[in-house]
Amino acid sequence: MLPDEAWLRSQVADATNLSRRALRSWQTTYDLAYRKPDAAPRPGFASWTSSFTREQIPQPDMEDWLAGTVRRLRALGHGRVLEIGCGTGLIVEALAPFSEAYRATDLSGVAIGQLRGWLDTRADLAHVETVHAAAHEVGQDWPADLVVLNSVVQYFPDAAYLSQVLDNAWRCLRPGGHIFVGDVRLLGALPCFVSAVELGRSADTDDVATLWRSIHAAWLSQSELVIDPGFFHDFAADRHASVSTRLKSGHSASEMTRYRYDVVIGKPGEDEVAFTSAAPTEVETMAALRSWLVSPGAGPVVLRGIANKRVLSDVIAHQAIGEAAAGLTVATLRQSIAARETIAGDFADPADLEEMAAARQLHCAMLAPPGAIDGRYDAWFGRSAYRGDPEVLGGRAAAVSQPLLFQVLRRFGADLLDGLSRVLPAGSLPTSVLPVARASRLNPPLYEIFNFSL
Ligand SMILES: C[S@@+](CC[C@H](N)C(=O)[O-])C[C@H]1O[C@@H](n2cnc3c(N)ncnc32)[C@H](O)[C@@H]1O
């Protein structure tokens with residue numbers, strides 16, 4: 001089905017209403033998740049579910065993820081901490097003992113109630129204050145050295161809401177302070193992620209055309225905000241701030257290490273006018289990078305287009321799905337994916353590079369350039385912290401996904417099916433309706449719907 005573009009525009013024009021409804025829906029989702037009988041009333045991983053298996057993400061993967069996140073947070077100044085979307089308090093537990101004041105806030109009243117109950121059993125955390133509020137309602141009036149939004153911005157309704165929250169955070173940030181935006185879903189990698197998840201859920205006996213349809217439906221059901229790193233580079237550039245965007249650290253193969261990144265935005269200190277970056281030397285190969293790391297030169301260095309070892313198999317699968325014939329079975333497709341050896345060029349696990357740098361007291365930053373869907377990334381190394389020059393890493397493509405548009409499209413599909421059920425005999429009703437963008441086709445699944453300019 002091809003919805004009329006003018007009609008779609010009119011629907012999304014009422015963004016405030018849609019946005020409010022989306023916030024309420026996430027609030028209900030999290031209230032229910034935290035209220036589950038197996039959700040212990042203390043910081044924990046109970047609500048963290050894998051998109052691939054729909055089951056809880058294994059504890060060792062979550063511990064690896066948390067340790068990597070906390071390592072990055074502890075490297076920042078954390079005297080007064082404002083946390084937005086604190087959930088059950090995983091970050092509170094790790095950071096509050098080292099802070100002088102801590103304000104933990106969340107949209108879910110159940111989360112805040114449980115966290116308060118647990119904090120009341122911890123005399124050493126009496127300086128932690130809890131507030132039940134949505135992200136856009138906090139931040140204006142509380143001076144902070146660190147504002148934390150970890151694994152939260154994907155639940156924001158749109159880019160305007162994210163900008164409003166970051167603006168508030170920036171206003172309350174003291175000079176020399178940081179905003180940490182953790183676990184951001186990488187927009188460029190989204191097609192690859194959706195393909196990998198749907199292939200994982202397909203039966204061997206399905207044909208490729210069925211898989212394409214399920215990929216298209218999954219694409220439409222994306223209700224989270226997925227963000228290109230350029231968005232944060234633009235935000236920082238407008239405020240003469242530093243910005244560092246890094247793929248997740250850690251060695252587990254969870255969807256977070258594969259498809260998410262962390263952002264640190266730094267406000268210049270009292271005596272700093274603005275942050276500046278030195279132009280790095282470009283090296284061409286991993287071998288050249290390794291020899292630079294062994295005896296680092298004076299200035300920073302960058303290696304571009306490294307294939308990300310963590311997502312190699314998903315990238316190969318994504319390419320194979322796009323090239324397969326419609327009638328092929330998924331079992332045969334899986335065999336052909338297994339037979340494809342690798343993709344060309346240097347490849348490395350980002351966590352290995354980060355550890356090599358840390359062993360030599362060097363700083364590193366790495367990120368997939370905007371639009372890179374094949375898992376390639378650029379890595380930068382230097383003696384002092386990366387200052388976030390958008391020309392070096394990240395580029396300036398400030399694209400952000402549009403969950404509200406998808407919400408309208410899904411409702412359109414459901415209403416249409418409902419309307420059809422009143423005029424068509426039961427046996428001739430379609431089982432589902434998939435709206436498509438003007439130029440898009442289902443065979444193979446394309447992602448133009450994302451580029452709808454409204
Ligand atoms: C995946 S959990 C992350 C919790 C915590 N930051 C952590 O890293 O463990 C996401 C949390 O964000 C909260 N959240 C979602 N949308 C929000 C919003 N608009 N304002 C404030 N909190 C929100 C949810 O209620 C949930 O507790």
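**Note on a predicted model: helix α7, the ligand shell and R310**

1. In this predicted model, the length of helix α7 agrees with expectation: at 1.5 Å a residue, its 12 residues should span 16 Å, and the C-alpha atoms at its ends are 17 Å apart.

2. Helix α7 covers residues 190-201. Its buried residues are P191, C192, F193, V194, S195, A196, E198 and L199. These buried residues pack against α8 (208-220), α10 (255-259) and α12.

3. How do α7 and α12 (residues 312-323) cross? Their axes come within 9 Å and make an angle of roughly 85°, which means that α7 is roughly perpendicular to α12. On the α7 side the contact is made by P191, C192, S195, A196 and L199, and on the α12 side by D314, V315, A317, H318 and I321. Sorted by class, this contact has seven nonpolar, two polar and one charged residues. As background to such a pattern, an α-helix has 3.6 residues a turn, so residues three or four places apart point the same way.

4. R310 is placed in the loop between β9 (301-308) and α12. Is R310 buried or exposed? R310 counts as buried because it has 23 C-beta neighbours inside 10 Å, the cut-off for a buried residue being 20 or more. Apart from neighbours within four places in sequence, R310 is in contact with A253, T257, R258 and D349. R310 and S252 are 58 residues apart in sequence, while their C-alpha atoms are 9.1 Å apart in space.

5. Which residues are the closest to the ligand? They are Y30, G85, G87, L107 and A135, within a shell of 20 residues that surround the ligand. Two elements, α2 (15-35) and α4 (90-95), give two or more residues to this shell. Helix α2 gives the most, with three residues. By class, the shell has 14 nonpolar, five polar and one charged residues.

6. For the chain as a whole, the secondary structure comes to 15 helices and 12 strands. Of the 454 residues in the chain, 41% are buried. Contacts between residues at least 6 apart in sequence join residues at least 24 apart in 72% of cases.

Terms used: Residues are numbered from 1 along each chain as its sequence is written. This is a predicted model: local features need pLDDT of at least 70, side-chain atom pairs count only at pLDDT 80 or more; totals for chains, interfaces and linings use all residues. Helices (H or I, at least four residues) and strands (E, at least two) are DSSP runs, numbered from the N terminus. A residue is buried if 20 or more other C-beta atoms lie within 10 Å of its own, exposed if 12 or fewer, and partly exposed in between; C-beta atoms are placed from the backbone. Two residues are in contact if their C-beta atoms, placed from the backbone, lie within 7 Å. Axes are lines fitted to C-alpha atoms, for helices over the stretch in contact, and angles run from 0 to 180 degrees between N-to-C directions. Angles under 35 degrees count as roughly parallel, over 145 as roughly antiparallel, 65 to 115 as roughly perpendicular and the rest as oblique. Ala, Val, Leu, Ile, Met, Phe, Trp, Tyr, Cys and Pro count as nonpolar, Asp, Glu, Lys and Arg as charged, and the others, Gly among them, as polar. A residue is near a molecule or strand if its C-beta atom, placed from the backbone, lies within 6 Å of it. The expected span of a helix is 1.5 Å times one less than its number of residues.
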